[in-house]
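This report describes the chain contacts, the nonpolar core and one sheet of a multi-chain model. The sequence and structure are shown first.

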Amino acid sequence: MSDAAIDTDAPDEAVVARSYLRAGHSLRSWLLTTDHKRIAILYLISITFFFMIGAGAAALIRLDLLTPQGDLLTNEGYNRAFSVHGIVMVWFFLIPSIPNVFGNFLIPLMIGARDMAFPRLNLLSWYIYMGSGLILLCVVFGGGVDTGWTFYTPLSSVYANGAVVAAIVAVFVSGFSSILTGLNFIVTIHKLRAPGMTWGRLPLFIWSHYATSVIFVLATPVLAITLLLVAAERLLGIGVFDPDLGGDPLLFQHLFWFYSHPAVYIMILPALGVVSELITAAAHKRIFGYWFVAYASIAIAVIGFFVWGHHMFVSGQSLYASAIFSLLSIAVAVPSAIKVYNWTATLYKGDIAIDAPLLFALSFIGLFVAGGLTGLMLAMLAIDVHVHDTYFVVAHFHYIMVGGSVTAFFGALHFWWPKITGRLYSEPLARIAAVIILVGFNVTFFPLFLMGYEGMPRRYHIYPPEFQLLQVIASGGAALLAVGYAMPLFYLGWSLVRGRRAPANPWGATGLEWTTSSPPPKHNFTRQPVVERGPYAYPLAHPASRDDG
Amino acid sequence: MMAGAPLWPQQASQHARSVDLLIASFGAMVWLLTIPVFVLMAWFAIRYRRGRTVNREHSPQSNVWIEASWSLIPFVLTLFFYVWATKLFLDIQSPPPEAVPVNVIAKQWMWKFEHQSGAREINELHVPAGRPIRLVMTSQDVIHSLYVPALRIKQDVVPGRYTSLWFTADRPGRYPLRCAEFCGTDHSVMGGALIVMRPSDFSAWLAQHQDGGADATLAARGERLFRKVGCSGCHAARSAVHAPSLDDLYGKPVPLSDGTTRIADEQYLHDAIMLPNKEVAAGYRPIMPSYGNLLDASEVGALVAYMKDREGEDSE
Amino acid sequence: MSPALRLVAVWAALMLLLAATAGASFLPLGPAKPFVAYAIAAAKAGLVLWFFMEMRREDGLVRLAAAAGFVWLLFLLVLTASDMLTRS
Amino acid sequence: MAEHATEPFHAVERQREANRFGMLIFLSSEFLLFGGIFAAAMALRLENPDGYRAAASHLRLGLGTANTAILLTSSLFAALAVEAVRGARPRRTALWLGGAALLGAGFLGIKGAEYAMEYREGLMPGTATAHFSGPAEQIFMNLYFAGTGLHALHVTIGIAVLLVAAALAHKGGERHAMLVGNAALYWHLVDIVWIFLYPTLYLAGVG
């Protein structure tokens, strides 16, 4: 927030004294807390830890790919590196990153509640996540697995080596952490809204987390049973997916992708909610087309369950099913287009502060549009036949997950940092970091599109020499991206110790979370807030027409 | 179009050129829809930045018509490309009847190609230019995927069943052939080359690469196996066992015991050998033993080729 | 009728449906047999939901929460079957 | 005696609604856990109808039907327990809950007997004596044991929850009413899953 935005009434010591951070210093008060804000911080620390492990595996891969014959790792080592990278990043970083950190922290605050509907269940969800994380650490340091994060059978159930069953148990257990979190969010949003907080007055962050929770609850169980059957097949030789025993490997793919495609919407929907908040707060203007954007989240969540077959166009699936899935996959792109166009229209005639959160939001939109449209290309049957399982697909989903979800995560981290920690961070450094991340990301992943269309298959340790130049560029970009991601660790960490105290509303944003102190007290609000106006009721250019939400 | 440009893959078939045209025109349409977003975002961010005095009157809150239009128009435009892409997809999934079949067996970390003429190759496939080739593929262990970037085609090779892929390469040359589905340790080295030759060179190559063994063609090898593993014991005309006749069977409808009928394609013949009780012919009891662990994929391919070759003559 | 009596009546209906579905499986219905069996099963599940789980007295939201599991399973089964049935 | 609602809720009524709503969402996800098995059974049935029917005919329809009747009856007992707790009659609540748990135990007993018989007939996959007449039968038995095994696990958990609720019946109060309500909901779901497992596994083998 630029210096002009800091208002005068710097918080007095009383606010700091009764903040939730001061409510108990013992380890026990943190590890047995039922305060949704503290659980959010526990999640923030644990997903940062797992991000390090996933990023470490990614660094190994990028270094190894500097040379066509891959000198750093053996074939087996490379396969285990990308499997660990995939499993850790998908289930232990991306899926919990925005919902379990910012969803947990902000949902009660934004709807004017004191806590989640089931506080103890919320803590249990974190312990289940840490338990499964522990099992996964044993797998990672025990040598990992070489199945990829997709666990395709019969490779995973018969031929793979490494602790496959332990990895499956880790992912299986982490699924229940997602289910409990989703359940908690849905009940909280329905039952604990402040008086006057109608559905039309909910911030779009809440709509997107509501849609994410629906996917959490309805998709994760199918993954659980599928992985259970793979583990049974590997342990007892009872083959449901093993063709030697008459099983059908395509059945595994159907059940796996029935979860895994909605899972990518679990990863992007919270980011879409965050960006809606960042754009409206930066532009000091109501979102353009509130109901279209709100229902777009729900539409993405529901239609997201009908499109999984586009992962199986070349798998031997029937042509007619492929044609149906291709059409449905085009339909699911429409709500995302609505959001992008509405964000752009929101900026029109706004009062825009170009701070770090907005830089993250704008780079999110750019990268998300590139990722989304290449996804649309992949939904085209004839194009997918050529580029399926190549670097083109790898680039597509990294544009959505890293370019989209992780950029939005950093945008949210910067935007709500004053509220979470009560400290202000260094704005210039944050803007530099945002630009470095944008540039580093594109240098890393754009070459992958080119290699993909040229026919470079994914998960190749040894690759044809003509791709070396683009691989080296990508690895260079990855180094720059690592610098970009490391910077916030320093200046945000620094702000914890030396940062100036943050006022209640440094951005001048609307939203109940900005009406309470920074950091908020243990029970969020000194008195129960009552809501009379819409979510983004910024003063219009001329105050005459103050329309309600 | 842009063939051989450093960042563009070679085009070795008409299908490759159509796919390139499809992605190029779709990419152009996509850019037309997104450039205004980037331009407007940057322009608005600069023009309406905080502290700048500019007319911010009457900023619209919502406009159903605009919002409906910018969601439906891109959808309808994309539908046009959907139809085009689906047509192309259906083209490459329906091989012409005169396509020359080649048996392909994928196993952990190599490709085996077996021509009808009996020639057998490892990791390399020689084909005549300009003639449709149909690959009948199966895997002996995990899922692999035969991928020829120059032809823009790919098809997973699934253990336990046949999947097929057809193409007409029209430019002689040596094109990379790769495995695209992660299949274990040496997935990245499991590749080779598709060598497209002028028909004259191809027939010369074929002559030199006769199997040289007792059975000149794949069908002949199938016939030898037919007797060796005991199929003729039941299925020969004079045998006492009540078993369905295999004369003139390929491509004909076969009435099954559960009342449905099934065209006797390669998949049916493969299943009849490996999983005999799955689709029992009408009027017969499921007494045939399974050859699941007796025959490997290559031998089953040879037997299938033999049954396709039996135009009714019943060799003793 | 008293709530307890209504529950017992619903239980009796469930027993009848069980007998019906068991009996129907012996009839020569051929390909329609699974559809009949699952239709009766759905009816039994519906009775348990409506009366035993008291969806009767709940508002639309709670009914949606209860029905979501079944509806989403239908999505999975229908689209997976669309592949299985039309696979060449 | 309206107890004070815990932490985030102000009114006890609101908390009971939220509790029940949360439980129903959880039960929807539990039902989808079995969804994978129903999908696998459907895939096998579409792929190989005759093999599926032949394999299913090995199961004992009599015991399966009896078990369905037992679970439906125990579901009735759980519903009657909810009525009893609403009428604030702790002794009767404990009685109905105990009855439901007992019938659940009966269900597990019959299930155990079936498993023993199938083990002796060599139909239990993964065991030394297992021998199958074909892949369809092996996969069917895999799904049978996976489905009924997972269901038996849920029945065991259900019995435990019912017994806990019965034991606490004498205390009464709002929290206990919520516990009985959720225990009954869970028990009804376990019953609904079996209602769909029954035609999938047992009825498919008839005729």
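Which residue of β10(B) does B:Val127 stand opposite? The partner of B:Val127 is B:Val196. The model in which this pair occurs is predicted.

## The sheet of chain B

B:Val196 belongs to β10(B), a strand covering residues 192-197 that runs parallel to β4(B) and is joined to it by 5 bridges. Both strands are part of an open sheet of 5 strands with mixed pairing, in the order β4-β10-β9-β6-β7 (chain B). β4 (124-128) and β7 (153-157) of chain B form the edges; each has a single partner strand, so one side of each is left without a neighbour in the sheet. From one strand to the next, the twist averages 20°.

Helix α3 of chain B, residues 199-208, lies across β4 and β10 of that chain, at about 130° to β4(B).

## Contacts between chains

There are 5 pairs of chains that touch, and chains A and B make the most contacts among them. Chain B and chain C are joined by no contact, their closest C-alpha atoms being 9 Å apart.

Between chains D and A, the contact involves 29 residues from chain D and 35 residues from chain A. On the side of chain D, α1 (12-47) and α5 (135-167) each supply at least two residues; the largest share, 18 residues, comes from α1(D). This side of chain D comprises 17 nonpolar, 8 polar and 4 charged residues.

## The nonpolar core

The largest nonpolar core contains 378 residues, and A:Val275, D:Ala81 and D:Leu97 have the most contacts inside it. Helix α9 of chain A (residues 249-283) gives the most to this core, 23 residues.

Beyond its neighbours within four places in sequence, D:Ala81 is in contact with residues including D:Trp96, D:Leu97 and D:Val180.

Note on methods
Residues numbered from 1 in each chain as written. Chains lettered and ligands numbered in written order. Predicted model: local features only at pLDDT ≥ 70, side-chain atom pairs only at ≥ 80, totals over all residues. Contact = placed C-beta atoms within 7 Å. Helix = DSSP H or I, 4+ residues; strand = E, 2+ residues; numbered from the N terminus. Nonpolar A, V, L, I, M, F, W, Y, C, P; charged D, E, K, R; others polar. Core = buried A, V, L, I, M, F, W, Y, C linked by C-beta atoms within 7 Å. Buried ≥ 20, exposed ≤ 12 C-beta atoms within 10 Å, placed from the backbone. Pairing = 2+ DSSP bridges. Axes fitted to C-alpha atoms, helices over the stretch in contact; angles between N-to-C directions.
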